[in-house]
Amino acid sequence: MTREKTQLKEFLESISVLQWVLSFLLLGVACIILMVYLMFTSLWPLSALYFVWLVMDWHKPERGGRRTMSVRKWKVWEHMRDYFPVKLVKTAELNPNKNYILGSHPHGIMCTGAFTCFSTESCGFAEAFPGVRASLAMLAGLFRIPFFREYIMSAGLYPVSKPSLVHLLSKSGKGNAVVIVIGGAAESLASSHGLNTVVMKERKGFVRLALELGVDLVPVYSFGENELYQQVIFAEGSLCRRLQDLFKKIMGFAPCLFVGERFVLMPYRTPITTVVGSPISVPKRVTPTDEEVDHYHRLYMQALSKLFHEHKVSCGLSENHELRII
């Protein structure tokens, strides 16, 4: 039997999720405003000293970052996990003597499943895959924001740039599993209730990198990710959609118009099940050909589709639900 949650427990869960949502949406901007504000107060030496530190530490995110286990084990992440709840499902072993690229799908609005499973210890990734260390990669520009970069580095987040990925997968020993949200900002614009759409037909850079470094590919699917918010989807070619695409092209992320269950920002209490698939063995090629990239990209899409259809019913979808790959 499932224990009924107390009012205190529900409150703690809601507060934990709210801080995550506000951090996702506003913390970066708030850090920039704080930095500028301090420059015009008597505390300006703090800004000056931090600016010097920032210049000296500029490349740290791409050279291993500053992962802090105590931050990843904050109690707040367990409350956030329980709000939905979020569950990690293992389908195969990952060899701790190898490195991996985990392709996470779908993006949804805020990558809630990927963050909870791979950037916190709340879902038990370390226990499920002993000796393997998960690292979630995200928009590189966020690591240029003062103060904010320190926070996201402490959670074990890394820039989704080639130097960063190469460092993690070839210069940090074995047992590294780098998680990349393949669809990125384009996929967030396709996030909609009742639909499972992934953007990856033309996303082949991660496959080429896997071949160059000889690391295996692992598909990951978070069922329920697209059900957390209701998003206004603008038609292709419409003015609003063109503005979204322009913003995405300039800034690297897409401005989504969405609404949650409560107070606009609070997501629906919909279960998220993040299923980690079986690894796809990838050989090492110093200069992979386009044919090799296409071959392993095709294998990856087939493995992702198989993973989706094998687990969709147990994760709450109907038997006739389809995965749309664009």
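Author: Welcome! Two strands count as paired if DSSP finds at least two bridges between them. The model above is a predicted one.

Reader: In strand 7, which residue is the bridge partner of Ser104?

Author: Strand 2 covers residues 100-105 and strand 7 covers residues 216-223, and the two run parallel, joined by six bridges. One bridge links Leu102 to Val218 in strand 7. For Ser104, the bridge partner in strand 7 is Val220.

Reader: Strand 7 also pairs with strand 10, so in what sense, parallel or antiparallel?

Author: Strand 10 holds residues 272-276, and four bridges connect it with strand 7. Among the partners here, Phe223 of strand 7 is matched with Thr273 of strand 10. The sense of this pairing is antiparallel.

Reader: What is the order of the strands in the open sheet?

Author: The sheet is open and has seven strands, with mixed pairing. Strand 1 (86-90) and strand 4 (157-159) each have a single partner strand, so they stand at the edges with one side lacking a neighbour in the sheet. From one strand to the next, the twist averages 30°. Read across, the order is 1-10-7-2-5-3-4.

Reader: How many of the eight residues of strand 7 are buried?

Author: Take the two faces in turn: on one side, Asp216, Val218, Val220 and Ser222 are buried. On the other side, Leu217, Pro219, Tyr221 and Phe223 are buried as well. Strand 7 is therefore mostly covered, as buried means under 20% relative accessible area, and the number of its residues that are buried is eight.

Reader: Is Thr197 buried or exposed?

Author: Thr197 is found in strand 6, residues 197-198. Leaving out neighbours within four places in sequence, Thr197 is in contact with Pro106, Glu187, Ala190, Asn226, Arg324 and Ile326. Its relative accessible area is 5%, and the limit is under 20%, so Thr197 is buried.

Reader: What distance separates the C-alpha atoms of Thr197 and Tyr296?

Author: Along the chain, Thr197 and Tyr296 are 99 residues apart. In space, their C-alpha atoms are separated by 21 Å.

Reader: What is the relative accessibility of Ser119?

Author: Ser119 lies in a loop, with helix 5 (112-118) and helix 6 (125-128) on either side of that loop. Not counting residues up to four places away in sequence, Ser119 touches Arg72, Ala114, Leu136, Ala155 and Leu157. Ser119 counts as buried, and its relative accessibility is 0%.

Reader: How many disulfides does the structure hold?

Author: A disulfide is a covalent bond between the sulfur atoms of two cysteines. The sulfur of Cys315 has its closest cysteine sulfur in Cys117, at 12 Å, which is too far for a bond. For Cys256, also in no disulfide, the nearest cysteine sulfur belongs to Cys111 and is 10 Å away. The number of disulfides is zero.

Reader: What is the relative accessible area of Cys315?

Author: Buried means under 20% and exposed means over 50%, with partly exposed in between. Cys315 is partly exposed, because its relative accessible area is 23%.

Reader: How far apart are the end C-alpha atoms of residues 12-37?

Author: An unreviewed UniProt entry annotates residues 12-37 as "transmembrane region". In the model, this span is 100% helix and 0% strand. The end C-alpha atoms of residues 12-37 lie apart by 32 Å.

Technical notes. Residues are numbered from 1 along each chain as its sequence is written. This is a predicted model: local features need pLDDT of at least 70, side-chain atom pairs count only at pLDDT 80 or more; totals for chains, interfaces and linings use all residues. Side-chain values use heavy atoms; hydrogens and water are left out. Axes are lines fitted to C-alpha atoms, for helices over the stretch in contact, and angles run from 0 to 180 degrees between N-to-C directions. UniProt positions are given in the numbering used here, feature names are shortened, and annotations may be inferred rather than shown by experiment. Buried means under 20% relative accessible area, exposed over 50%, partly exposed in between (1.4 Å probe, protein chains only). Contact means heavy atoms within 4.5 Å. A disulfide is a pair of cysteine sulfur atoms within 2.5 Å.
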